[in-house]
Amino acid sequence: MLLLGACGVSGDRPTDPTPTGPDTLDVFTPGNVFSPTSAEIRRGGTIRYRLSESPDGRGHNVVFTGGVAGAPQSIPVLKDTTVARTFTQQGTFPYSCTVHPGMDGDVIVK
Ligand SMILES: [Cu+2]
């Protein structure tokens, strides 16, 4: 059987730019802030939200805002819990803790 068109197919790298940033990143809640406020990961990467008890004892939620297509499911109010979310699409995904006004962050997926 004759193989046609096989030349250069294997071993050639696609010309797309190499994604940058880590595959998994932790976002902490030291007080009523997300840290880091802006987290950069690769497409397909995971953010682990390490939700601690807030100074008011209530905990935090993560509500993805702006109606960005491909945003993961929001996280309800929790404390002393880690919840992971995977980002399968490129883009910038803003989110807020609605328990604490001004507690905002975003995920940049490269
Ligand atoms: Cu909060």
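## Tyr-49, a good place to start

Let's begin with Tyr-49, which counts as buried because its relative accessibility is 0%. Keep in mind as you look around that this is a predicted model. Tyr-49 touches a long list of residues beyond its sequence neighbours, among them Val-27, Phe-64, Ile-75, Arg-85 and Val-107. The list also includes Thr-81, Thr-82 and Val-83.

Tyr-49 also belongs to the largest nonpolar core, which has 19 residues. Together with Ile-47, Val-62, Phe-87, Tyr-95 and Val-107, Tyr-49 is one of those that touch the most other members. Several strands feed this core: β2 (38-41), β3 (46-51), β4 (60-64), β7 (91-96) and β8 (104-109) each provide at least two residues. The top contributor is β3, with three.

## Aromatic rings

Across the whole structure, a search turns up six aromatic pairs. In one of them, the ring centres of Phe-34 and Tyr-49 are 6.5 Å apart with planes at 75°, so this pair is edge-to-face. Distant parts of the chain are linked by the pair: Phe-34 sits in the loop between β1 (24-28) and β2, Tyr-49 lies in strand β3, and 15 residues separate them. Phe-34 has a relative accessible area of 2%, so Phe-34 is buried.

Phe-87 and Phe-93 make another pair, with centres 5.6 Å apart; their planes meet at 50°, so here the geometry is tilted. Both Phe-87 and Phe-93 are buried. If you would like to see how these rings come together, display Phe-34, Tyr-49, Phe-64, Phe-87, Phe-93 and Tyr-95, which form one aromatic cluster.

## The copper site

Which residues coordinate the copper ion? The donors are His-60 through ND1, Cys-97 through SG, His-100 through ND1 and Met-103 through SD, at 2.0 to 2.5 Å. The angles subtended by these four donor atoms run from 92 to 130°, and the arrangement is therefore tetrahedral; the cut-off asks that all angles lie between 85 and 135 degrees.

Along the sequence, the spacing of the donor residues reads H-x36-C-x2-H-x2-M. Two of the donors, Cys-97 and Met-103, are buried.

## Ser-96 and its contacts

Ser-96 belongs to strand β7. Is this residue buried or exposed? With a relative accessibility of 16%, Ser-96 counts as buried, because the cut-off for buried is under 20%.

The side chain of Ser-96 makes a polar contact of 2.7 Å with that of Asp-104. Leaving aside residues up to four places away in sequence, Ser-96 touches Phe-34, Asn-61, Val-62, Val-63, Thr-65, Met-103 and Asp-104. Two of these names have come up already: Met-103 is a copper donor, and Phe-34 is the ring paired with Tyr-49.

## Two backbone details

Most residues other than glycine have a negative phi, and most peptide bonds are trans. Two spots in this model are worth a look with that in mind. The peptide bond joining Ser-35 and Pro-36 is cis, with omega at about 0°. Pro-36 lies in the loop between β1 and β2, which also holds Phe-34.

The other spot is Asp-80, which is not a glycine yet has a positive phi of about 55°. Asp-80 occupies the loop between β5 (75-78) and β6 (81-86). With a relative accessible area of 58%, Asp-80 is exposed, whereas Tyr-49, where we started, is buried.

Technical notes: Residues are numbered from 1 along each chain as its sequence is written. This is a predicted model: local features need pLDDT of at least 70, side-chain atom pairs count only at pLDDT 80 or more; totals for chains, interfaces and linings use all residues. Side-chain values use heavy atoms; hydrogens and water are left out. A nonpolar core is a set of buried Ala, Val, Leu, Ile, Met, Phe, Trp, Tyr and Cys residues joined through side-chain atoms within 4.5 Å. Buried means under 20% relative accessible area, exposed over 50%, partly exposed in between (1.4 Å probe, protein chains only). Helices (H or I, at least four residues) and strands (E, at least two) are DSSP runs, numbered from the N terminus. Contact means heavy atoms within 4.5 Å. Donors are N, O and S atoms within 2.8 Å of the metal (3.2 Å for Na, K and Ca); water is not among the atoms, so sites may look incomplete. Four donors count as tetrahedral if all angles lie between 85 and 135 degrees; four count as square planar and six as octahedral if opposite donors are over 155 degrees apart and all others between 65 and 115; anything else is irregular. Rings of Phe, Tyr and Trp (its six-membered ring) pair if their centres lie within 6.5 Å; planes under 30 degrees apart count as stacked, over 60 as edge-to-face and the rest as tilted. A polar contact is a pair of N or O atoms within 3.5 Å; within protein, one must be able to donate a hydrogen and the other to accept it, and residues adjacent in sequence count only if both atoms are side-chain atoms.
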